[in-house]
Amino acid sequence: MIHTKTGSGRRILTFPAVQPCESISIVTLLGSLIQLAGDILTFKSKHFSTNKQSFRDTLRRIQNLVLVFEEIRIRVGNSRRYFHDSAAVSSLKEIHVSFQKLKFLLEDCTRDGARLCMMMNSDQVSDHLRVLTRSISTSLSAFPVASVDLPSEIKELIDLVVWQTRKYGVQLETDDKRAMSSVNRILALFANRVVPDPDEINRILDHVGIRKWGDCVKEINFLGEEIAAERLDEKKKKSNDQVELLSSLMGFICYCRCVILRRIERDNDHHHNNDGIKKDQDFIRGLKVEDLLCPISLEIMADPVVIETGHTYDRSSITKWLGSGNITCPKTGKILASTELVDNVSVRQVIRKHCKTNGIILAGISRRRRTQDDVAPESLAAKGAGKLMAKFLTSELINGSEEMIYRAVREIRVQTKTSSFNRSCLVEAGAVTPLLKLLSSGDSRIQENAMAGILNLSKHVTGKSKIAGEGLKIIVEILNEGAKTETRLYSASALFYLSSAEDYSRLIGEDPDAISGLMKIVKGEDYGDSAKRNALLAVMGLLMQSDNHWRVLAAGAVPILLDLLRSEEISGELTADCLATLAKLAEYPDGTIGVIRRGGLKLAVKILSSSEDSPAAVKQHCVGLILNLCLNGGRDVVGVLVKNTLVMRSLYTVLSNGECGGSKKASALIRMIHEFQERKTGSVEPNLQRGRFVHAW
């Protein structure tokens with residue numbers, strides 16, 4: 001099977017043919033040959049990215065061989081004398097193997113996504129094709145024609161095929177040489193950061209059959225898989241020549257997508273041509289993106305799998321979870337009787353349709369490739385192409401029409417998502433300032449993609465500085481008034497990344513609408529768990545700055561979080577995040593008072609006592625919250641815990657499991673409770689503050 005985007009199958013230009021079994025009959029062998037030849041002839045209507053004329057000539061000869069094989073089968077069927085002719089069977093077996101390899105080669109040279117790569121390997125393709133056609137000719141000439149009662153015209157046809165193959169050998173074609181030379185010339189220009197001639201690039205694209213933006217996306221995905229496979233090849237680790245070439249081609253095709261083929265096709269432009277496509281798009285439009293996110297990583301799942309509870313996760317994330325010793329479902333906390341992972345084919349198909357419709361490139365397939373986010377391009381040509389693209393896109397943002405701006409922000413969103421190198425290039429090119437200005441655009445498409453670009457650029461150190469210096473106010477405005485839900489969520493995530501720096505955290509907190517906007521997302525019924533978690537992460541980032549503590553309390557965080565915890569549909573991950581935020585707030589007396597007065601202690605004890613099957617993070621943060629309430633609430637709070645017989649059992653469970661640092665906090669709580677009980681009997685005076693008087697229960 002040809003290598004597919006799912007990551008299964010063979011590499012290009014490898015031909016894992018299977019030798020027919022020794023005992024196969026000549027009739028069966030002929031039938032298989034005819035069927036295989038039919039499969040090969042289906043490629044007549046397809047576009048070849050290389051060796052076009054040679055493949056057309058080869059297919060014509062295969063068509064002639066079908067007539068030969070059919071006639072032989074008829075003669076053998078009428079006369080049983082040739083069933084045990086070893087020379088005939090041996091000859092046909094060799095042809096069968098050559099046909100299998102030829103079919104693989106045809107698949108490679110017509111494959112969507114591999115067009116540029118195959119064209120740049122035209123010399124190898126012509127070598128393979130020459131070897132295969134000569135092998136077929138040699139095997140055919142060895143067939144005992146004289147001993148078979150074939151019509152004279154069939155014998156002449158055999159002689160013709162053998163003669164043509166020998167006389168007209170396969171050679172590297174002039175058009176392929178010219179295209180390869182053009183690509184190498186353009187790569188040299190990229191390396192020197194010189195803008196190439198777009199007409200020359202268009203001639204190359206026409207030659208290989210890359211005509212649309214979506215074609216470039218397929219090429220990029222394929223090249224990414226090939227680069228990852230080359231890196232994993234132990235035999236080639238000492239030589240980076242192939243990786244360097246593939247990296248250069250990646251830069252070339254990215255430049256083509258960005259600069260040459262700028263029109264982004266949307267499938268719904270053609271819905272009137274295909275009712276099935278329209279139905280798929282209607283489904284995708286009604287789909288929430290968060291439904292495609294892994295509950296653990298909060299990223300679009302590259303390889304979705306189902307576990308025993310029926311919940312779907314990305315394979316890499318759930319594998320790490322289980323590999324860390326966890327035997328529970330992260331979402332429900334249920335103990336798993338089996339850790340078997342089953343591919344969720346239907347979800348994978350939906351994700352691919354969603355990515356195709358929205359021009360999203362998955363950063364990696366977890367089973368086959370590592371992401372390219374942590375590595376720079378491995379060739380000067382790719383680096384130069386990245387610099388040129390960044391300058392071009394920045395210019396489009398400043399000087400382009402509304403449609404040109406949309407295409408530019410869409411491309412920036414894709415590029416900044418997939419590569420830290422691209423983020424660096426765009427920041428250096430000055431893309432941050434025009435992107436921030438576009439957040440005020442009345443076009444919701446432009447606003448959404450500009451905000452997504454800003455989010456990705458906020459992960460870059462220099463980008464973070466520029467965004468915080470110029471755009472905090474507008475980002476907070478988008479958080480509260482963004483035209484689309486997705487845009488507001490991107491704003492919340494950007495604030496999270498910005499809050500990782502203490503100075504920026506203080507500036508965000510000083511904006512009266514920032515924290516309240518984040519809490520609106522946490523409270524909002526229209527937002528899913530992943531959206532609420534992103535907002536809470538931003539709040540937690542802001543709480544790292546002590547000045548923001550009272551601001552979070554003033555925004556009503558405590559009642560919002562407690563109400564959320566009382567919800568029956570809350571996931572384990574969101575429960576843990578809510579408890580972590582409350583624990584952070586309870587580090588200060590005013591936070592403790594707010595939690596206790598609204599029934600937070602009783603709720604925390606209930607969660608702890610019923611969390612035997614909950615994720616470890618829920619137990620850890622629950623114990624942390626109760627500990628902070630005791631430290632700031634004094635003896636009244638500890639006295640409440642003493643009255644509940646389930647508390648000690650739960651604390652000892654956490655202590656014995658030693659989960660995620662929760663054991664130290666559990667140990668401290670157990671010690672407090674013991675000291676309180678001993679004080680009541682007069683044995684010891686506990687070291688507990690009385691604190692302010694609060695009704696703990």
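Visitor: Which residues is phenylalanine 252 in contact with, leaving aside its neighbours within four places in sequence?

Guide: In this predicted model, Phe252 touches Leu116, Ile186, Leu187, Phe190, Ile201, Ile204 and Leu205. They count as contacts because heavy atoms lie within 4.5 Å.

Visitor: What makes the largest nonpolar core a core?

Guide: A set earns that name because its residues are buried and joined through side-chain atoms within 4.5 Å. Here that set has 191 residues, and those with the most contacts inside it are Phe69, Phe99, Phe252 and Leu651. Helix H10 (residues 241-260) gives the largest share, 12 residues.

Visitor: How many residues are in the second core, and which ones does it include?

Guide: That one is separate and has 17 residues, including Ile300, Ile318, Leu322 and Leu336.

Visitor: Why is an empty space called a cavity?

Guide: The word fits because a 1.4 Å probe can sit there but cannot get out. Searching the whole structure turns up six cavities of 30 Å³ or more. The second largest cavity holds about 80 Å³ of space.

Visitor: What lines the second largest cavity?

Guide: Its lining is Thr58, Arg61, Ile62, Leu65, Thr133, Ile136, Ser137, Val161 and Thr165. Two or more lining residues come from each of helix H2 (52-78), helix H5 (122-141) and helix H6 (152-167), with H2 giving the most, four.

Visitor: How many residues of each class are in that lining?

Guide: For the second largest cavity, the lining has four nonpolar, four polar and one charged residues. Arg61 is in the lining, and it goes down as charged because Arg is in that class.

Conventions:
Residues are numbered from 1 along each chain as its sequence is written. This is a predicted model: local features need pLDDT of at least 70, side-chain atom pairs count only at pLDDT 80 or more; totals for chains, interfaces and linings use all residues. Side-chain values use heavy atoms; hydrogens and water are left out. On a 1 Å grid over the protein atoms alone, a cavity is a set of points where a 1.4 Å probe fits but cannot get out, and a pocket is an open set with protein on both sides within 12 Å along at least five of seven lines; lining residues have an atom within 4 Å of a point. Grid points are joined across faces, edges and corners, and a volume is the space filled by probe spheres set on the points. Buried means under 20% relative accessible area, exposed over 50%, partly exposed in between (1.4 Å probe, protein chains only).
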